[in-house]
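User: Please take a close look at one part of this structure, the ring contacts, and then go on to what else stands out. Keep the sentences short.

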Amino acid sequence: MTRTALTAKWVVGHVDGSHRLFPNGTVVVEGTQVLYVGHRFDGAVSRTINFGEAMIGPGFVDLDALSDLDTTVLGYDNHPPELKGRVWPQTYMQAGPREMYTPEELAFQKRYAFTRLIRNGITTALPIASLFYRAWGETTAEFDAAADAAADLGLRVYLGPAYRSGNLVVGADRKIGFHYDEPRGLAGLADAVRFIDRHEDTRGGLVRTMLAPDRIETSTPELLRRSGQVARDRNVPVRLHCCQSRLEYDLVVQQHGKSPLELLRDTAFFAPATILPHGLFLSGINGITHVAPDLEILAASGAALAHCPLVMARGGKLMQSFARFRDMGVTIGMGTDTHPPDMIQNMAVGVMTARIAEGDATTVGAADLYNAATTGGADALNRPDLGRLAEGMAADLNVIRLDTPEMGQVIDPIQTLLLNGSGRDVSDVMIAGRFVMRDGVIHGVDDADYRERAQAQFDRMVMQYPDRTLFHPPVEEIFAPSYPLG
Ligand SMILES: [Zn+2]
């Protein structure tokens with residue numbers, strides 16, 4: 001087995017349960033694993049790469065990894081969602097919703113998204129995509145293609161097609177209601193189980209599987225119950241959007257007479273690796289006055305939160321609070337969930353929103369968010385070999401340049417990174433001992449061509465909006481320009 005030594009001005013190693021900064025450090029990789037982290041390796045190596053003024057750190061774990069063409073741009077300034085095509089009209093639902101992308105387009109989107117994740121230093125990804133644009137759930141065919149793309153690009157993934165038994169609809173009276181189709185949800189779960197059987201721990205361990213019931217408000221109790229059962233039986237992670245919005249919280253209380261977390265507890269949903277994006281709306285938090293033991297249920301469940309501060313802040317929302325959940329011992333991992341899938345930007349916004357939530361700058365620091373993006377995500381997946389660089393750990397790492405004109409001054413690389421850095425500063429990425437990006441280049445990927453194809457698909461999708469927007473206004477009316485056109 002070849003041994004490669006990687007050196008840089010800074011190395012983030014892991015000693016006695018926490019990250020440690022090594023000035024002028026060395027990481028030695030042998031095969032798919034880290035052999036050594038420290039200042040001086042005495043054994044023989046077959047090659048040495050010196051990255052100079054850079055930081056080598058553990059690869060980021062993305063628990064809610066953007067995997068489609070992000071449509072945040074469509075909702076950024078265009079409100080409210082039910083009048084802007086972001087809730088299906090009753091008539092569209094009745095006519096039978098359809099796929100807005102072809103199978104080839106969906107396969108391309110995963111590959112394209114995976115390249116963006118790698119470029120941002122993400123080494124483990126649990127893909128998430130919007131079901132607004134789908135006939136119903138995600139398909140196993142597109143996830144078969146995603147497994148191929150991940151293996152080809154060298155990205156470590158947890159894959160599972162999203163499924164659901166319900167959907168929000170808006171009537172001509174502008175009121176939001178539900179459409180349920182439980183058999184369709186259970187069929188989606190059955191497909192997901194077959195996907196697990198075909199793909200779990202394949203491609204040299206790069207491809208693992210997961211269950212992805214979409215959201216708590218679009219899942220019937222039976223679907224939640226069975227999902228939890230399968231997650232425990234197969235020992236795979238299960239991820240469910242939960243405690244994400246006020247609307248969701250109120251709808252769950254209205255329908256089931258209990259809070260979202262009470263519903264999860266009472267359907268025995270929790271499994272050894274339960275991941276809940278986004279942890280914003282719980283009893284007593286963010287204006288929720290409904291009384292429920294949400295915090296106790298969360299702490300006792302062992303579930304991890306997937307914190308996605310950038311997308312939430314774009315929508316005017318923040319976790320209340322990071323410090324509180326951390327101090328309760330809740331595992332907090334990170335998700336990108338929006339474009340750009342920039343974990344560095346997410347960490348930076350995460351520090352800001354945590355401090356705004358506390359009204360205090362002293363309780364949450366750069367290391368807290370860096371932990372969440374590395375060890376937090378790994379712990380959420382019960383993967384002690386990920387998110388940390390030490391002997392015997394997976395050789396998943398990223399290299400971040402500290403010598404760009406934009407980076408400013410460095411006394412500590414993590415703090416400087418969160419102040420001045422972005423995903424664009426990631427230069428090299430290694431996953432399972434293989435360089436998947438070298439000096440900004442992902443082998444075999446034509447970025448300009450990918451961007452053009454993505455834009456063309458997006459344009460075609462936007463043209464289909466009037467058909468599935470309440471009262472069918474023209475595209476120009478749904479998506480108003482920032483200023484009148486001149
Ligand atoms: Zn999300």
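Analyst: Start with Arg468, which lies over the face of Tyr92, 5.9 Å from the ring centre. A charge sits over a ring when NZ of Lys or CZ of Arg is within 6 Å of the ring centre and within 35 degrees of the ring normal. Arg164 offers another case: its charged end sits over the ring of Trp136, 4.7 Å from the centre.

Before going on, note the ground rules. This is a predicted model, in which local features need pLDDT of at least 70 and side-chain atom pairs count only at pLDDT 80 or more, while totals for chains, interfaces and linings use all residues. Residues are numbered from 1 along each chain as its sequence is written, and side-chain values use heavy atoms, with hydrogens and water left out.

Now look at rings that meet other rings. How many aromatic pairs does a search of the whole structure find? The search finds twelve. One of them joins Phe132 and Tyr133: their centres are 6.1 Å apart, with 80° between the planes, and the pair is edge-to-face. (Rings of Phe, Tyr and Trp, the last by its six-membered ring, pair if their centres lie within 6.5 Å; planes under 30 degrees apart are stacked, over 60 edge-to-face, and the rest tilted.) Is Tyr133 buried or exposed? Tyr133 is buried, at 3% relative accessibility. Its partner Phe132 is partly exposed, at 24%. (Buried means under 20% relative accessible area, exposed over 50%, and partly exposed in between, using a 1.4 Å probe and protein chains only.)

Compare that with Phe178 and Tyr180. Their ring centres are 5.2 Å apart and their planes meet at 10°, so this pair is stacked. Tyr180 is partly exposed, with a relative accessible area of 34%. Return to Phe132 and Tyr133: together with Tyr465 and Phe479, they form one aromatic cluster.

Next comes the metal. Which protein residues are the donors of the zinc ion? They are Asp64 (OD), His241 (NE2), His278 (NE2) and Asp337 (OD), 2.1 to 2.7 Å from the ion. (Donors are N, O and S atoms within 2.8 Å of the metal, or 3.2 Å for Na, K and Ca; water is not among the atoms, so sites may look incomplete.) Seen from the zinc ion, the four donor atoms subtend angles of 85 to 170°, so the arrangement is irregular. (Four donors are tetrahedral if all angles lie between 85 and 135 degrees; four are square planar and six octahedral if opposite donors are over 155 degrees apart and all others between 65 and 115; anything else is irregular.)

Along the chain, the donors follow the spacing D-x176-H-x36-H-x58-D. Asp64 belongs to strand 6 (residues 60-66), while His241 is in the loop between strand 15 (238-239) and helix 7 (246-256), so this pair ties together parts 177 residues apart in sequence. (Helices, H or I and at least four residues, and strands, E and at least two, are DSSP runs numbered from the N terminus.) Asp64 is buried, at 0% relative accessible area. His241 is buried too, at 6%. The third donor named, His278, is in the loop between strand 16 (274-276) and helix 9 (294-301). A cis peptide bond links Pro277 to His278, with omega about 20°.

The backbone holds another cis peptide bond, from His79 to Pro80, with omega near -10°. Pro80 is in the loop between helix 1 and strand 7. Gly85 is in the loop between helix 1 (72-75) and strand 7 (88-89). Gly85 is buried, at 0% relative accessible area. Its C-alpha atom is 9.6 Å from that of Pro473, although the two are 388 residues apart along the chain.

Finish with phi angles. Ala268 is not a glycine, but its phi is positive, near 50°. This residue is in the loop between helix 8 (260-266) and strand 16, and it is partly exposed, at 39%. Asp439, also not a glycine, has a positive phi of about 50°. Asp439 is in the loop between strand 21 (434-437) and helix 15 (447-463), and it is exposed, at 63%.
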